[in-house]
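Welcome! Take a moment to turn the structure around on your screen, and then we will walk through it together, beginning with a single residue and working outwards.

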Amino acid sequence: MATKTITGKSALFAARLFNIASITATLIAPLLMIWIAASIFAYASVAHHPNPRTVYYNRISGYRFYGATGAMVVFGQPIYSLFNNWHGLVAAWLILVVVVVPFGLWDIIRAGRENWQDLTIEVENHE
């Protein structure tokens, strides 16, 4: 068995990745549909990270993003028809922004305040 070191900086970036991408996609609306599809791969790639704090931040940001976008699937149509024009689309998008952006920024800041240590793991040697 060989060992591999995962740096604290790498674990911090992985913990912040889903929040950063979700905030970016939410603020730049045309990216939102692309991110909904791509986020599945980003979420899954960090879901089994060896650092449990990295997994925690990934899980919380996933719950937030998928919960908010899923709620817009259910409540978006009534919000849209309440305004009966493009203002309804903007209202649904603003609700998504209010949920994803401030809480995502807070998690990015919170993760940065933690003490991220290097982690050494054993990996199989494929020779």
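Let us start at aspartate 107, which is buried, with a relative accessible area of 4%. Keep in mind as you look that this is a predicted model. What does the side chain of aspartate 107 meet in a salt bridge? One partner is arginine 64, with 2.5 Å from N to O. This pair links distant parts of the chain, since aspartate 107 belongs to helix 4 and arginine 64 to helix 3, 43 residues apart. Arginine 64 is buried, as is aspartate 107.

Aspartate 107 also forms a salt bridge with arginine 110, where the N to O distance is 3.1 Å. Here both residues sit in helix 4, 3 residues apart, or about one turn of the helix. Some background helps at this point: an α-helix has 3.6 residues a turn, so residues three or four places apart point the same way. Arginine 110 is partly exposed, with a relative accessible area of 26%. Put the two pairs together and you have a network of salt bridges that links Arg64, Asp107 and Arg110.

In total, the protein has 3 salt bridges. One that we have yet to visit joins arginine 53 and glutamate 114, whose closest N and O atoms are 2.9 Å apart. Arginine 53 lies in helix 3 (residues 52-83) and glutamate 114 in the loop between helix 4 (86-113) and strand 2 (119-123), so this salt bridge ties together parts that are 61 residues apart in sequence. Are these two residues buried or exposed? Arginine 53 falls in between, being partly exposed at a relative accessible area of 35%. Glutamate 114 is partly exposed as well, with 24% relative accessibility.

Now follow helix 4 along its length. This helix has 28 residues and reaches 41 Å from its first C-alpha to its last, close to the 40 Å expected at 1.5 Å a residue. Among its buried residues, besides Asp107, are Gly88, Ala91, Leu96, Val100, Gly104 and Ile108. What covers the buried residues of helix 4? The cover includes helix 1 (8-27), helix 2 (32-47) and helix 3.

That brings us to the nonpolar interior. In soluble globular proteins, nonpolar side chains tend to be buried together. In this model the largest nonpolar core has 14 residues, and those with the most contacts inside it include Phe18, Trp35, Phe65, Leu96 and Val100. Helix 1, helix 2, helix 3 and helix 4 each supply at least two residues of this core. Helix 4 gives the most, with 5 residues.

Valine 100 is a good place to see the helices meet. Leaving aside neighbours within four places in sequence, valine 100 is in contact with Ser22, Ile23, Thr26, Arg64, Phe65 and Ala68. Notice Arg64 in that list: it is also part of the salt-bridge network with Asp107 and Arg110. Apart from the largest core lies another core, of 6 residues, including Ala11, Ala15, Tyr57 and Trp116.

Trp116 leads us on to glycine 8, a residue of helix 1. Not counting residues up to four places away in sequence, glycine 8 touches Trp116, Gln117 and Asp118. At 3% relative accessibility, glycine 8 is buried. The C-alpha atoms of glycine 8 and proline 52 are 12 Å apart, while 44 residues separate the two along the chain.

Finally, step back to the whole protein. How many helices and strands are there? The protein contains 4 helices and 2 strands, and along the sequence they follow the pattern β-α-α-α-α-β. The radius of gyration is 18 Å, well over the 14 Å that the globule rule gives for 127 residues, so the protein is more spread out than a compact globule. Taken along the principal axes, its C-alpha atoms fill a box of roughly 65 × 35 × 20 Å.

Of the 127 residues, 35% count as buried. Contacts across the sequence are plentiful in one sense: among contacts with a separation of 6 or more, 76% are between residues 24 or more positions apart. The accessible surface comes to about 8,000 Å², and 68% of it belongs to carbon and sulfur atoms.

How values were computed
Residues numbered from 1 in each chain as written. Predicted model: local features only at pLDDT ≥ 70, side-chain atom pairs only at ≥ 80, totals over all residues. Heavy atoms only, no water. Salt bridge = Lys/Arg side-chain N within 4 Å of Asp/Glu carboxyl O. Buried < 20%, exposed > 50% of the residue type's maximum accessible area, 1.4 Å probe, protein only. Expected span 1.5 Å × (residues − 1). Contact = heavy atoms within 4.5 Å. Core = buried A, V, L, I, M, F, W, Y, C linked by side-chain atoms within 4.5 Å. Rg over C-alpha atoms; globule rule 2.2 N^0.38 Å. Areas by Shrake-Rupley, 256 points an atom, 1.4 Å probe, with all protein chains shown as cover.
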